[in-house]
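Hi,

Here is the structure I said I would pass on. Have a look at it first, and my notes follow below.

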Amino acid sequence: MKFCSECGEKVGLKVPEGDHLPRFVCGDCDTIHYQNPKVVAGAVLEYEGKILMCKRAIEPRYGFWTVPAGFMENKETVMQAAARETYEEALAVPEKIELYGVYNLAHVNQVYIMFQGKLAKPEFGPGPESLDVKLVEEQDMPWEDMAFKVVTMTLQRYFTDRKHGDFRAFTDDVVVK
Ligand SMILES: [Zn+2]
């Protein structure tokens, strides 16, 4: 960050009084610009045993596969965000989704909140952010071409949990060296 979004003057890094971390502070109006993790909401959606997968038409990871997921917007709930992303990326509507996994991606200052559930109908297609959208069987998963480690981790856990019929919510850390 270089300039203050309140007044347009230069900002500098300093630890505000009573704080313990350096923040961008405006040299003119003294506004403290806090930066916090971003939330990504996504969903593993099943239809007749197959999982809804999207091939990305945008960077990063253009051409790689993911479940529908994206950054939350202001004024929406995480569940609404997961459903909205499903529609934007896959033109599909989740029927019933439940909280599944919360992943800390501390290295990129993100938190992924994953849901799991069913697709209402086998109706889907590529939205503007996808090159292709498919229902994929477990044995056909493109493990070598996954967009992000968090997607791989979520799907691996999903298939294990599905065998046991137990989708209890969990939290995990994604560590990238
Ligand atoms: Zn300012």
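Before anything else, keep in mind that this is a predicted model. The protein chain has two helices and 11 strands. Going along the sequence, the elements come in the pattern β-β-β-β-β-β-β-α-β-β-β-α-β.

On the overall picture: the C-alpha atoms fill a box of roughly 60 × 30 × 30 Å along the principal axes. The chain has 177 residues, and 39% of them count as buried. If you take the contacts with a separation of 6 or more, 60% of them are between residues 24 or more positions apart. The accessible surface comes to about 10,400 Å², with 50% of that belonging to carbon and sulfur atoms. As for charge, I get 21 positive and 28 negative side chains, and the centres of the two sets lie 3 Å apart.

Now the sheet at the start of the numbering. Strands β1, β2 and β3 form an open sheet in the order β1-β2-β3, and the pairing is antiparallel. β1 (11-14) and β3 (32-33) stand at the edges with a single partner strand each, so one side of each has no neighbour in the sheet. Between β1 and β2 (residues 23-26) there are four bridges, again in the antiparallel sense. If you want a spot to orient yourself, find K14, which stands opposite R23 in β2.

Next, a residue I'd click on: V133, in strand β10 (residues 130-136). Is V133 buried or exposed? With a relative accessible area of 6%, V133 falls under the 20% cut-off, so V133 counts as buried. Which residues is V133 in contact with, once its neighbours within four places in sequence are left aside? The list is L52, M53, C54, E89, A90, F124, G125 and P126. M53 is a nice case, as M53 and V133 are 80 residues apart along the chain, yet their C-alpha atoms are separated by 5.6 Å.

C54, one of those contacts of V133, brings me to the cysteines. How many disulfides does the structure hold? Zero. C54 itself is buried, with a relative accessible area of 1%. C7, on the other hand, is partly exposed, because its relative accessibility is 34%, which sits between the 20% and 50% cut-offs.

That's it from me. Shout if you'd like to go through any of it together.

Cheers

Notes
Residues numbered from 1 in each chain as written. Predicted model: local features only at pLDDT ≥ 70, side-chain atom pairs only at ≥ 80, totals over all residues. Heavy atoms only, no water. Buried < 20%, exposed > 50% of the residue type's maximum accessible area, 1.4 Å probe, protein only. Contact = heavy atoms within 4.5 Å. Areas by Shrake-Rupley, 256 points an atom, 1.4 Å probe, with all protein chains shown as cover. Lys, Arg positive; Asp, Glu negative; His and termini not counted. Charge placed at Lys NZ, Arg CZ, Asp CG, Glu CD. Pairing = 2+ DSSP bridges. Disulfide = S-S within 2.5 Å.
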